[in-house]
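Let's walk through a protein structure together, starting with a space on it and the parts around that space. Keep the model open beside you as you read.

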Amino acid sequence: MRAVELEGLDGPDSLKLVDIEQPTPGPGEVLIRVEAAGVNFADVEITRGRYPATLPLPYVIGFETAGVVTEVGAGVEHLHVGDRVAAVGGSGGYAEYAAVDAASVIRIPPALSFAEATTITIQGVTAYALLKFAARIQPGETILIQAAAGGVGLFLVQLAKILGAGKVIALAGSCDKLELVRSLGADVAVNYRESNWHPP
């Protein structure tokens with residue numbers, strides 16, 4: 001199968017398209033035919049040696065992946081061949097097939113694209129945890145979201161509204177980004193690059 005392998009730590013130039021053997025799912029794993037893979041900040045940092053890598057070079061990187069289950073390893077009962085899923089793993093997502101821990105896999109609805117689904121397992125879960133367990137947002141409260149047009153920020157804007165925030169104030173750095181966060185539910189959108197801004 002084709003895969004993108006990290007062969008050094010000199011940035012994106014260290015990534016090479018290679019042909020390698022298709023993985024086989026072990027106990028507690030599933031094999032996913034990858035339809036989309038996320039480009040996470042950690043993936044970029046790994047190519048520069050600025051993020052802890054747990055595998056010796058060379059290896060296939062890619063934390064976030066989404067696709068269709070094609071094989072189920074021993075002991076996996078909650079997932080089945082043909083399931084549309086998203087997953088997060090330590091590596092392996094930048095390939096045609098990825099074997100991942102079944103505990104890190106979630107089923108996705110038909111209306112959700114594979115590309116959209118790749119954002120759920122890290123950015124989406126991070127945003128949810130921040131709101132529910134760190135901020136402990138309560139209905140009616142006002143929340144200020146920095147970098148609101150980033151991966152986690154976009155989830156924060158939407159989830160804050162879903163969880164009952166009274167007012168969502170979103171900070172972003174361009175007109176296009178301000179329009180985007182407004183379209184996702186921000187009540188107030190502020191360009192933080194303007195020197196005279198202040199929270200309403």
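Helix α4 gives the lining of the largest pocket its largest share, six residues. Helices here are DSSP runs (H or I, at least four residues) and strands are E runs of at least two, numbered from the N terminus. A pocket is an open set of points on a 1 Å grid over the protein atoms alone, where a 1.4 Å probe fits, with protein on both sides within 12 Å along at least five of seven lines; lining residues have an atom within 4 Å of a point.

This is a predicted model: local features need pLDDT of at least 70 and side-chain atom pairs pLDDT 80 or more, while totals for chains, interfaces and linings use all residues. Residues are numbered from 1 along each chain as its sequence is written, and side-chain values use heavy atoms, leaving out hydrogens and water.

Both α3 (120-135) and α4 (151-162) supply at least two residues of that lining.

Now follow α4 itself. Its 12 residues should span 16 Å at 1.5 Å a residue (1.5 Å times one less than the number of residues), and its end C-alpha atoms are 17 Å apart, which agrees. Which residues of α4 are buried? They are Gly153, Leu156, Val157, Leu159 and Ala160, where buried means under 20% relative accessible area with a 1.4 Å probe, protein chains only. These buried residues pack against α3, β9 (142-145), β10 (167-172) and α5 (175-183), with contact meaning heavy atoms within 4.5 Å. Just after α4, Gly164 takes a positive phi of about 95°.

Notes. Buried < 20%, exposed > 50% of the residue type's maximum accessible area, 1.4 Å probe, protein only.
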